[in-house]
Amino acid sequence: MRDLSAGPRVLLRRLRELMAEPLGPQERLNQIVRQIAQNMVAEVCSFYVLRADGVLELYATEGLNPDAVHLAQLKMGQGLVGTIAASARPLNLSDAQSHPAFAYLPETGEEVYHSFMGVPILRAGRSLGVLVVQNKARRNYRDDEVEALETTAMVLAEMVATGELKKITRPGMELDLSRPISIEGDAYGDGIGLGYVVLHEPRVVVTNLLNDDMDLELKRLEEALGSLRISIDDMLSRRDVSMEGEHREVLEAYRMFAHDRGWVRKMEEAIRNGLTAEAAVEKVQSDTRARMMHLSDPYLRERLHDFDDLANRLLRQLIGRSGPSTADGFPDDAIIVARGMGAAELLDYTRSKIRGLVLEDGAITSHVVIVARAMGIPVVGQATGVVSLAENGDAIIVDGEDGKVHLRPIPDLEKAYAEKVRFRAKRQERFRELRAVEPVTKDGTRIDLMMNAGLLVDLPQIEDSGAGGIGLFRTELQFMISSTMPKADDQERFYTNVLRQSGDKPVTFRTLDIGGDKVVPYFRGAEEENPALGWRAIRLSLDRPGLLRTQFRALLRAAAGRELRLMIPMVTEVREIREARELLNREVRHLSRFGHDLPRKLRFGAMLEVPSLLWQLDELMATVDFVSVGSNDLFQFTFAVDRGNARVSDRFDNLGRPFLRVLRQIVTAADRHDTAVTLCGEMAAKPLGAMALIGLGFRSISMSPAGIGPVKSMLLALDAGQLQTEMSKALDESGPDTRPMRELLTEFAENNAIPL
């Protein structure tokens, strides 16, 4: 590796001195461009800054007409300067005026200069401006000169980022770093959150840019790389991927990057140009991100995320920080912004301060999204680029209804959303006033409104929402957020706590439902082509009876002296219920033999979510104490629709006749056998969906806590008998001219003043 001349290091030392001098921002910029021109033997050095309106404005120059400062402007993509900013790539030209992108600005007086070199001023891959040098003589600048100018641009990037240039920005103008940005994502969790950005893994801010000892910095980089490589090799050798929340193939990619000589060579060259080791890592990271941000290939963009994470790990090695810290300066209205995160990491934050969650990656079925939804937090996923565009403390709006994220919103937009939040809050206040009102329809029909839960943080919402109890407690969430298999004693303590906090209200525990999209890090089966239809839930539990027996034992001991309600998920054949019940009976006998107190009453039920049970309804109803319809999965399996696939998820209507007829068939069978039936699913949480269920004959429904108020408001105005009569007639209609059931239900609500 060649050692570059001392020129760049001398320049950087002089820039460091200028940054420390008590100068105004304009005078500091003027001196900086003068120093750059002198050091690089350039006749012109100019500094352009990107404004929020997409215009690059000349902020300082040495060699061009000084009257052009703050007047000369180019749009993003216009001219050579605009091309550099748009592409985030340098330009090195011996005859600038012959380039097709050249744009002549007469006020600058630059027509006599031929050679041109410009580099983008980057921060986290974003273009904040452009730095240019020019000469009259035709020449191509050397690679080391391009590298030196890129290194110098880092100093100017910090000036822009710190806000120093705001003092000399013309009135009414804003710099791009504070530009409002709206990002389209996917709506994963209902609700709206207004607050301030908290980066889950805050960028390591490098404040010490310039080195005093090149050899020392090279040694620091070498040692940090060595430690990084050892840590990755150690995780791979121990298969300890779950602790990082990464898959093994990602760590393999990390190891490849960590040993890449091209990456290391670029960082070493930046150090030889005068940067500290950490500034060199940041420079190469920013350059790479700028080049790769424009890629459309999803695989290559995923590799960019891997590279970014690796560079951040290396930065933390260099500054001696083991991991991200979120304790300092945590705002009361926090919006967590992350590329991805684990469910347990979300629970580390103070729930009362979280107003929303924004993810670049993830899916509606990912663990962290499931937990966030359970906590009632608005979530937007697939918000591409949000981590790079956001800074800690930025104002942000998360619209979990439309899947939009508004970063640094304009006042009018913020005001509109604040009004929307106030309106929702007023509605929620009206719903809270209904908490103590009995859920009885106008014609005297009682409807049990239960809530879905899965975490201890959910339990206060029983009281807050006025729920009659917990109709679905997802026991798998305890397993999903734990890094190791919960022991029997841990499970028992957890279930005891759930029952204690729920008071005298009933709780229905769904046994372990893992597998498919609910993967726990310490229990992995073989790869499956279609995991949703594979080895999951009761299928897995019956093949690994120790899991189910341990859970049964913990639940039986936790519910000593009170009623215990258990239900089995993903039942396909009645035979599975009998096998599971025999395992339960064995645990009852075991505890009795050793003198343990038992529940005073035991009710055993099954989830109906697999269509095969529709042809076993009489046998099913005679075998169990109750049935709970899992409408989400039942609809998905009945219509062969992946709810996470936007192309087909809205293709069929769960309020259409086919699915409503399926649900009516279930209620009719339950009535024949006098078996209690309830429904857990998203359709129960919407007033129109809940109204349809009541019209079918459901008298118990379970939903998210936020849905209970609106549904109760609806049913208090409903004549259930009248609706049931009209629905029964409408469901039997058929033919091409038959009106859709959703339309008929909406009309019924409007005609009878039923609030939806």
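**View 1. Ser46 of β1 pairs with Val132 of β6 in the predicted model.** In this predicted model, Ser46 has Val132 as its bridge partner in β6. The two strands, β1 (residues 44–50) and β6 (residues 126–135), are antiparallel and share six bridges. They belong to an open sheet of six strands. The strand order is β3-β2-β1-β6-β5-β4, with antiparallel pairing. Strands β3 (73–75) and β4 stand at the edges. Each has a single partner strand, so one side of each lacks a neighbour in the sheet. From one strand to the next, the twist averages 20 degrees.

**View 2. Helices α2 and α3 pack on the open sheet****.** Helix α2 (residues 25–39) touches β1, β2 (55–62) and β6. Its direction makes about 70 degrees with that of β2. Helix α3 (residues 79–87) lies across β1, β2, β3, β4, β5 and β6. The angle between α3 and β5 is about 35 degrees.

**View 3. Ser98 sits in the loop between β4 and β5****.** The loop runs between β4 (91–93) and β5 (115–123). Ser98 counts as exposed, at 53% relative accessibility; the cut-off for exposed is over 50%. Ser98 and His114 are 16 residues apart in sequence. Their C-alpha atoms are 9.0 Å apart in space.

**View 4. Eight parallel strands close into a barrel****.** The order is β15-β16-β17-β18-β19-β20-β21-β22. Neighbouring strands are turned by 25 degrees against each other on average, direction ignored. One pairing in the barrel is that of β16 (residues 470–474) with β17 (residues 507–510). These two strands run parallel and are joined by three bridges. Arg474 stands opposite Arg510 in β17.

**View 5. Helices α21 and α22 lie across barrel strands β19, β20 and β21****.** Helix α21 (residues 631–639) crosses β19 (601–608), β20 (626–630) and β21 (676–680). It runs at about 60 degrees to β20. Helix α22 (residues 657–673) lies across β19, β20 and β21 too. Helix α22 runs at about 155 degrees to β21.

**View 6. Tyr495 and Phe509 form an edge-to-face ring pair****.** A search of the whole structure finds nine aromatic pairs. In this one, the ring centres are 5.6 Å apart and the planes stand at 70 degrees, so the pair is edge-to-face. Tyr495 is in helix α16 (residues 488–502) and Phe509 in strand β17. The pair links distant parts of the chain, 14 residues apart. Tyr495 is buried, with a relative accessible area of 0%. Phe509 is buried as well, at 0%. Ring pairs join Phe473, Phe494, Tyr495 and Phe509 into a cluster.

**View 7. Phe635 and Phe659 link helices α21 and α22****.** The ring centres of Phe635 and Phe659 are 5.2 Å apart. Their planes are at 80 degrees, so this pair is edge-to-face. Phe635 belongs to α21 and Phe659 to α22, 24 residues apart. Phe635 is buried, with a relative accessible area of 9%. Phe659 counts as buried at 0%.

**View 8. Arg565 lies over the face of Phe626****.** The distance from Arg565 to the ring centre of Phe626 is 4.6 Å.

**View 9. Helix α23 is largely enclosed by the rest of the structure****.** How many residues of helix α23 (residues 687–696) are buried? The count is 10 of the 10, so the helix is largely enclosed. Among them are Pro687, Leu688, Met691, Leu693, Ile694 and Leu696. Gly689, Ala690, Ala692 and Gly695 are also buried. The buried residues pack against α22, β21 and β22 (700–703). They also pack against α24 (705–716), α25 (720–731) and α26 (741–751). Just after α23, Gly697 takes a positive phi of about 115 degrees.

**View 10. The whole chain gives the setting for the close-ups.** The chain has 26 helices and 22 strands. Of its 756 residues, 54% count as buried. Among contacts with a separation of 6 or more, 67% come from residues 24 or more positions apart. The accessible surface is about 32700 Å². Carbon and sulfur atoms account for 49% of that surface.

Conventions. Residues are numbered from 1 along each chain as its sequence is written. This is a predicted model: local features need pLDDT of at least 70, side-chain atom pairs count only at pLDDT 80 or more; totals for chains, interfaces and linings use all residues. Side-chain values use heavy atoms; hydrogens and water are left out. Two strands pair if DSSP finds at least two bridges between them. Helices (H or I, at least four residues) and strands (E, at least two) are DSSP runs, numbered from the N terminus. Axes are lines fitted to C-alpha atoms, for helices over the stretch in contact, and angles run from 0 to 180 degrees between N-to-C directions. Contact means heavy atoms within 4.5 Å. Rings of Phe, Tyr and Trp (its six-membered ring) pair if their centres lie within 6.5 Å; planes under 30 degrees apart count as stacked, over 60 as edge-to-face and the rest as tilted. Buried means under 20% relative accessible area, exposed over 50%, partly exposed in between (1.4 Å probe, protein chains only). A charge sits over a ring if NZ of Lys or CZ of Arg is within 6 Å of the ring centre and within 35 degrees of the ring normal. Accessible areas come from the Shrake-Rupley method with a 1.4 Å probe; for residues, only the protein chains shown count as cover.
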